[in-house]
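This report describes the strands and a few selected residues of one protein model. The sequence and structure are shown first.

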Amino acid sequence: MAHKKGSGSSRNGRDSIGRRLGIKIYGNQYVNSGNIIIRQRGTKHHPGKNVRIGKDHTLYAIKNGYVCFKKVKKNKSIVSVVDTKIKTG
C-alpha cells in the first residue's frame, strides 16, 4: 500500500492574509480628528486624553494634535493626543 498521495494535489496550500495590525501614526506625528492611531487585538495600548477606543480595540483621535505615547507597565502604554509637540533629547 502506497504512503504517498498520487499525482498533484498539494496538502499545504492554505495561508491566511495578514490583518495589517500595528501602529499607524507614531509619537510626535500630527493627527487629525478621526484618524486611526493603532490597530490592535486586545488592549496593549490604552486610550488617554483625546483618544477613544473602538469595538475592535482600535485607537483613534477625537481632536487634532500630536500623538504622545507614555509607558505605564511592561507591556502597557497610554496613547494621548496633545496640542504641542513633545521635545525629545
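## Strands, sheets and selected residues

A hairpin joins strand S7 to strand S8 through 5 residues. The model is a predicted one, and local features are reported where pLDDT is at least 70.

Strand S7 covers residues 65-71 and runs antiparallel to S8, with 6 bridges joining the two. Within this pairing, Cys-68 stands opposite Ser-80 of S8, and Lys-70 has Ile-78 of S8 as its bridge partner.

S8, residues 77-82, also pairs with strand S4, residues 45-47. Here the sense is parallel, and the pairing extends over 3 bridges. In it, Pro-47 faces Val-79 of S8.

S7 in turn pairs with S2 in the antiparallel sense, over 2 bridges. Tyr-30 is found opposite Tyr-66 of S7, and Val-31 is found opposite Gly-65 of S7.

Taken together, these pairings give an open sheet of 4 strands in the order S2-S7-S8-S4, and the pairing in the sheet is mixed. Strand S2 (30-31) and S4 are at the edges; each has a single partner strand, so one side of each is left without a neighbour in the sheet.

A further open sheet is formed by 4 strands in the order S1-S3-S6-S5, with antiparallel pairing. Its edges are S1 and S5, each with a single partner strand, so each has one side without a neighbour in the sheet. S1 and S3 are joined by 2 bridges and run antiparallel. Ile-23 has Ile-38 in S3 as its bridge partner.

The residue pairs named above are collected here.

| Residue | Opposite residue or bridge partner | Strand of the partner |
|---|---|---|
| Pro-47 | Val-79 | S8 |
| Cys-68 | Ser-80 | S8 |
| Lys-70 | Ile-78 | S8 |
| Tyr-30 | Tyr-66 | S7 |
| Val-31 | Gly-65 | S7 |
| Ile-23 | Ile-38 | S3 |

The next topic is the aromatic side chains. The structure holds 1 aromatic pair. The ring centres of Tyr-30 and Tyr-66 are 5.3 Å apart and the ring planes stand at 75°, so the pair is edge-to-face. The cut-off behind this term is an angle over 60 degrees between the planes. Because Tyr-30 lies in strand S2 and Tyr-66 in strand S7, the pair ties together parts that are 36 residues apart in sequence. Tyr-30 and Tyr-66 also stand opposite each other in the pairing of these strands. Tyr-30 has a relative accessible area of 45% and is partly exposed. Tyr-66 is partly exposed as well, with a relative accessible area of 22%.

Is Gln-40 buried or exposed? Its relative accessible area is 5%, so Gln-40 is buried, the cut-off for that term being under 20%. Gln-40 sits in the loop between strand S3 (36-39) and S4, and S3 and S4 belong to separate entries in the strand orders given for the sheets, S1-S3-S6-S5 and S2-S7-S8-S4. The side chain of Gln-40 has a polar atom 3.0 Å from the backbone oxygen of His-45. A polar atom of the Gln-40 side chain also lies 3.5 Å from the backbone nitrogen of Lys-44. Leaving aside residues up to four places away in sequence, Gln-40 touches Leu-21, His-45, Asp-56, His-57 and Leu-59. His-45 thus appears both as a polar partner of the Gln-40 side chain and in the list of residues that Gln-40 touches.

His-57, one of the residues that Gln-40 touches, has a backbone feature of its own. Its phi is positive, about 70°, although His-57 is not a glycine. His-57 lies in the loop between strand S5 (51-53) and strand S6 (59-61). With a relative accessibility of 31%, His-57 counts as partly exposed.

Arg-20 is another residue other than glycine with a positive phi, in this case near 60°. Arg-20 is located in the segment before strand S1 (22-23). Its relative accessible area is 60%, so Arg-20 is exposed.

Notes:
Residues numbered from 1 in each chain as written. Predicted model: local features only at pLDDT ≥ 70, side-chain atom pairs only at ≥ 80, totals over all residues. Heavy atoms only, no water. Pairing = 2+ DSSP bridges. Buried < 20%, exposed > 50% of the residue type's maximum accessible area, 1.4 Å probe, protein only. Polar contact = N/O pair within 3.5 Å; in protein donor to acceptor, adjacent residues only side chain to side chain. Contact = heavy atoms within 4.5 Å. Phe/Tyr/Trp six-rings, centres within 6.5 Å; stacked < 30°, edge-to-face > 60°.
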